[in-house]
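Work through the following exercises with the coordinates open beside you. Each task is followed by a solution that proceeds step by step.

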Amino acid sequence: MTSSKIALITGGSRGLGRNAALHLARAGVDIVLTYHSRRAEAEAVAAEIADSGRKAAALQLDVGESAGFPAFAQALAAALAETWGRKSFDFLVNNAGIGINVPFAETTEAQFDQLMNIHLKGAFFLTQAMLPLIEDGGRIVNLSSGLARFSLPGFSAYAAMKGGIEVLTRYLAKELGPRHIRVNAIAPGAIETDFGGGAVRDNAEMNRAIAGATALGRVGLPDDVGGAVATLLIGETGWINGQRIEVSGGVFL
Ligand SMILES: NC(=O)c1ccc[n+]([C@@H]2O[C@H](COP(=O)([O-])OP(=O)(O)OC[C@H]3O[C@@H](n4cnc5c(N)ncnc54)[C@H](OP(=O)(O)O)[C@@H]3O)[C@@H](O)[C@H]2O)c1
C-alpha cells in the first residue's frame, strides 16, 4: 500500500488554511497544520481530520520570526517520524497571515515590518527551511491576494508584500523545477473569514460593495478558496507552474 500524501499548511487553525486542510483531508491527504496563538482551534481542526480517518498534527509556528524556523523544522521532522514514519512531506501551503488596513500616509515602519516579516520574509525563509523536507515532485501553493492586481486604499504595504510573493512564486517554480516541485500562487478576492477583523464578513456595507463588483454577485466563502488550493495540490494540474491564479468569483474584471 502506498502511503498517503502529507500537506503542511501554515495558519491552519482558522479561515482559509483550516478550510484547505479539511478539503485535502476529505480527498485523502494527511495534514500538518500550524497555528500562531490559537492552539485550541488548531487542535480542534486536527481532531476533526482524525475523526474523518486521516492523520493530522498541529504545531506552533510564528511565520514572522524566521529565527525560529530551524527549531520548527526539527519539530516537524520529529512529528513526521513519529506519526508517519517519514522524513519528508509532499505539499506546502504558505497561508498564514494578517491584514492591516491603514492609509499609505499613515503606515508606520512597525506595521510595514510586521507585514513584511509575516507575508514575504516568512514565506521566503520558511520555504527555504522546508526544502530538505519536501519530496521531489511535491507542490507548493503561496497565498497572494486580489489586492496585488487591483488597488484599494489602505492596503499599500500588505499588497506590496503580496506582489512580492507572486514574484517569489515564479522564482521558486524556476529554481525548484529540476526537482519537479510545482509552485503556484492563489490570489483570493475578499473572503468571509476573521481576516482583517472579519470586516468582509461583518461589515454589511463592505460586503455589499464587493459583491456588487464581483461577476458572480457575492463575496467569497472559505470553501471557494480551500477547494481551489486542494485542486492545485492534488488535481490533474501538474502542468500549471509558476502561475498566479485569482480565486475571486471575478472581481473588478
Ligand atoms: N480572507 C480574505 O479576504 C483574504 C483575501 C486575500 C488573501 N488572503 C490571505 O489568505 C491567507 C489566510 O487568510 P485568512 O482569511 O484565512 O485569515 P484568518 O482567518 O485571520 O486566519 C489567519 C491564520 O494565520 C495564522 N497566523 C496569523 N499570524 C501568524 C503568524 N505571525 N505566524 C503564524 N501564523 C499566523 C492564524 O493563527 P492563529 O489562529 O493561531 O492566530 C490563523 O491560522 C492570508 O495569507 C491572507 O493574507 C485572505
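**Exercise 1.** Determine whether His-180 is buried or exposed, and describe its backbone and its place in the chain.

*Solution.* Begin with the side of the problem that concerns accessibility: in this predicted model, the relative accessible area of His-180 is 53%. Since the cut-off for an exposed residue is over 50%, His-180 is classed as exposed. Next, locate the residue, which sits in the loop between H5 and strand S6 (182-188). Finally, inspect the backbone, where His-180 shows a positive phi of about 60° although it is not a glycine.

**Exercise 2.** Carry out the analysis for Phe-252, asking which accessibility class it belongs to.

*Solution.* The relative accessibility of Phe-252 is 39%. Because partly exposed covers the range between under 20% and over 50%, Phe-252 counts as partly exposed. As to its position, Phe-252 belongs to the segment after strand S7 (244-247), and its phi is positive, at about 50°, although the residue is not a glycine.

**Exercise 3.** Establish where Asn-142 lies, whether it is buried or exposed, and with which residues it is in contact.

*Solution.* Asn-142 is part of strand S5 (residues 134-143). Its relative accessibility is 1%, so Asn-142 counts as buried. Once neighbours within four places in sequence are set aside, the residues in contact with Asn-142 include Asn-94, Ile-165, Thr-169 and Leu-172, and also among them are Val-183, Asn-184, Ala-185 and Ile-186.

**Exercise 4.** Find which side chain makes a polar contact with the side chain of Ser-4, and place that contact among the others of this residue.

*Solution.* Ser-4 is located in the segment before strand S1 (6-9). The polar contact of its side chain is with the side chain of Arg-54, at 3.4 Å. Apart from neighbours within four places in sequence, Ser-4 is in contact with Gly-28, Asp-30, Arg-54, Arg-86 and Asp-90.

**Exercise 5.** Characterise the surroundings of the ligand: which residues come nearest, and what classes make up the shell?

*Solution.* Start with the residues around the ligand, of which there are 31, with Ser-13, Ser-37, Asn-95, Tyr-158 and Thr-193 coming nearest. Sorting the shell by class gives 13 nonpolar, 13 polar and five charged residues. Mapping the shell onto secondary structure then shows that helix H1 (15-26), helix H4 (109-130) and helix H5 (156-176) each contribute at least two residues.

Turn now to individual atom pairs. A nitrogen atom of the ligand lies 2.9 Å from a polar side-chain atom of Asp-62, and a polar backbone atom of Val-63 is likewise 2.9 Å from a nitrogen atom of the ligand. On the oxygen side, an N or O atom in the side chain of Tyr-158 is 2.6 Å from an oxygen atom of the ligand. As a last step, consider the ligand's area: taken alone, the ligand exposes 900 Å², and the protein buries 96% of that.

**Exercise 6.** Decide how the radius of gyration of the protein chain agrees with that of a compact globule, and why.

*Solution.* For 253 residues, a compact globule would have a radius of gyration near 18 Å, and because the protein chain has 17 Å, the two agree. The C-alpha trace spans about 50 × 40 × 35 Å along its principal axes, and the secondary structure comprises eight helices and seven strands. Buried residues account for 48% of the 253 residues. Of the contacts between residues at least 6 apart in sequence, 74% join residues at least 24 apart. The accessible surface, finally, comes to about 12200 Å², of which 54% belongs to carbon and sulfur atoms.

Terms used:
Residues numbered from 1 in each chain as written. Predicted model: local features only at pLDDT ≥ 70, side-chain atom pairs only at ≥ 80, totals over all residues. Heavy atoms only, no water. Near = heavy atom within 4 Å. Polar contact = N/O pair within 3.5 Å; in protein donor to acceptor, adjacent residues only side chain to side chain. Areas by Shrake-Rupley, 256 points an atom, 1.4 Å probe, with all protein chains shown as cover. Helix = DSSP H or I, 4+ residues; strand = E, 2+ residues; numbered from the N terminus. Nonpolar A, V, L, I, M, F, W, Y, C, P; charged D, E, K, R; others polar. Rg over C-alpha atoms; globule rule 2.2 N^0.38 Å. Buried < 20%, exposed > 50% of the residue type's maximum accessible area, 1.4 Å probe, protein only. Contact = heavy atoms within 4.5 Å.
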